[in-house]
Amino acid sequence: MSGARRTVVKVGSSSLTTASGGLDADRVDALVDVLAKVRSGGEREIVLVSSGAIAAGLAPLGLARRPRDLARQQAAASVGQGLLVARYTASFARYGVRVGQVLLTSDDMSRRAHHRNASRTLDKLLAMGAFPIVNENDTVATDEIRFGDNDRLAALVAHLVHADLLVLLSDVDGVYDGDPAKPGTSRIAQVRGPEDLAHVEIGSAGKAGVGTGGMVTKVEAARIAAAAGIPVVLTSAVHAADALAGHDTGTFFHPTGRRFADRLLWLKHASTPQGSLTLDDGAVRAVVERRMSLLPAGIAGVDGDFSAGDPVELRDTTGRAVARGLVNFDAKEIPRLIGRSTHELARDLGPAYEREVVHRDDLVLLHP
């Protein structure tokens, strides 16, 4: 942990703001003090994924709690994002460090050109000595293209920048085997796989009402990153220095898998399927067991209104989703392809139809 060359740190809204909304300058400064010190040696790079834009915009707009409707959330983010970055800019300026803002939507992880640009921008900011601060672009993100929470965003960013470590900071100092507010519970120091948390009931968002996730999204983000080969520390913001120094704090998630294509990580964990394709038994075996592309002959049904390039779920005949992929045809085209070979389709409809419905390079399994 202490030897990680490149680290992504994520901090939640509750660790930066007051319960009524508005930034807590002392909390921001305390976090910056830790990050600037770790970075000052010149051997470690840090990317910060920071929540807090919507929360910071609540008080200035006279909102008592985080609004439920998307339009007011976007308005609060519009006001709060400027305040958030201005606060970070002033705080890092104490150390002579410049701040660079990077706002992302899930489209930036899925579209190859966007993904390449985001990666290049973050790499260049680090190379030029600036401190990248990433947030979801809440002012324009719709329900269809939102990450859903910044914990998930942080896991994807860690993969995007080839991070050696992900540190998730919140107002709780780790995962507990029960309600941490009750006596008799203890911190789970290490998680080596899903079985270590099988008996644990994970809590949702806190009472402050300024964030979106709670422990559920943090554990899920940790699992996403660990499955992609990135170790994760989940702890409280007050223990940030200990976490970055490699001390025993919070909950450490051991890597459980290997790194794979960034867009496939997005496809599995952050995409929103726009429809589904039902596969016959032979096609399920071909896709799941033999890792082959989905051909028209293996499709038994189609549901939804999607366009070519959209993510869709691939389901077996019982309705269970077995995979997710980027489809090569519009939903309205699929019915006339069902059950037919690509050679037959090319002969009757033209050479553009002699191809896979979902190519194996654009497909990810949903279960081990």
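Which residue stands opposite Ala321 in β12? In this structure, Arg315 stands opposite Ala321, and I will come back to that pair once the sheets have been introduced.

Before that, two remarks on conventions. This is a predicted model, in which local features need pLDDT of at least 70 and side-chain atom pairs count only at pLDDT 80 or more, while totals for chains, interfaces and linings use all residues. Residues are numbered from 1 along each chain as its sequence is written, and side-chain values use heavy atoms, with hydrogens and water left out. As for the elements, helices (H or I, at least four residues) and strands (E, at least two) are DSSP runs, numbered from the N terminus, and two strands pair if DSSP finds at least two bridges between them.

Let me start with the sheet of eight strands. This open sheet has the order β3-β4-β2-β1-β5-β7-β8-β6, and its pairing is mixed. At the edges stand β3 and β6 (190–191), each with a single partner strand, so one side of each is left without a neighbour in the sheet. As general background, strands of a sheet pair through backbone hydrogen bonds, either parallel or antiparallel.

At the β3 edge, strand β3 (residues 99–104) and strand β4 (residues 131–136) run parallel and are joined by six bridges, with Asn135 of β4 as the bridge partner of Leu103. The two faces of β3 are unlike in their cover: Gly100, Val102 and Leu104 form the covered face, whereas Val99, Gln101 and Leu103 form the uncovered one. In a regular strand the side chains alternate between the two faces of the sheet. Elsewhere in this sheet, strand β5 (residues 165–170) runs parallel to strand β7 (residues 232–236) through five bridges, and Ser170 has Ser236 as its bridge partner in β7.

Now to the helices. Helix α3 lies across β1 (6–11), β2 (45–50), β3 and β4, running at about 150° to β3; here axes are lines fitted to C-alpha atoms, for helices over the stretch in contact, and angles run from 0 to 180 degrees between N-to-C directions. Helix α1 (residues 25–39) packs with α3 (residues 70–93) at an angle of about 50°, and their axes are 9 Å apart. That makes α1 oblique to α3, given that angles under 35 degrees count as roughly parallel, over 145 as roughly antiparallel, 65 to 115 as roughly perpendicular and the rest as oblique. The contact, meaning heavy atoms within 4.5 Å, is made by Ala25, Val28, Asp29, Leu31, Val32 and Leu35 of α1 together with Arg87, Tyr88, Ser91 and Phe92 of α3. By class, the residues of this contact divide into seven nonpolar, one polar and two charged, where Ala, Val, Leu, Ile, Met, Phe, Trp, Tyr, Cys and Pro count as nonpolar, Asp, Glu, Lys and Arg as charged, and the others, Gly among them, as polar.

A second helix pair is formed by α6 (residues 150–160) and α7 (residues 215–227), which pack at an angle of about 15° with their axes 8 Å apart, and α6 and α7 are therefore roughly parallel to each other. On the α6 side the contact is made by Asp151, Arg152 and Ala155, and on the α7 side by Thr217, Lys218, Glu220, Ala221, Ile224 and Ala225. This contact has four nonpolar, one polar and four charged residues.

That brings me to the sheet of five strands, which is open, follows the order β10-β9-β11-β12-β13 and has mixed pairing. Here β10 (299–304) and β13 (363–365) stand at the edges, each with a single partner strand, so one side of each is left without a neighbour in the sheet. Neighbouring strands of this sheet are turned by 25° against each other on average, direction ignored.

Within this sheet, strand β11 (residues 311–315) is mostly covered, four of its five residues being buried, that is, under 20% relative accessible area, with exposed meaning over 50% and partly exposed in between (1.4 Å probe, protein chains only). Strand β9 (residues 275–279) runs parallel to β11 through three bridges, and Leu277 stands opposite Leu314. On β12 (residues 321–326), β11 pairs antiparallel through five bridges, and this is where Arg315 stands opposite Ala321. The hairpin of β11 and β12 has five residues between the strands, and in it Gly319 takes a positive phi near 95°. Finally, β12 and β13 run antiparallel and are joined by three bridges, with Ala323 opposite Leu365.
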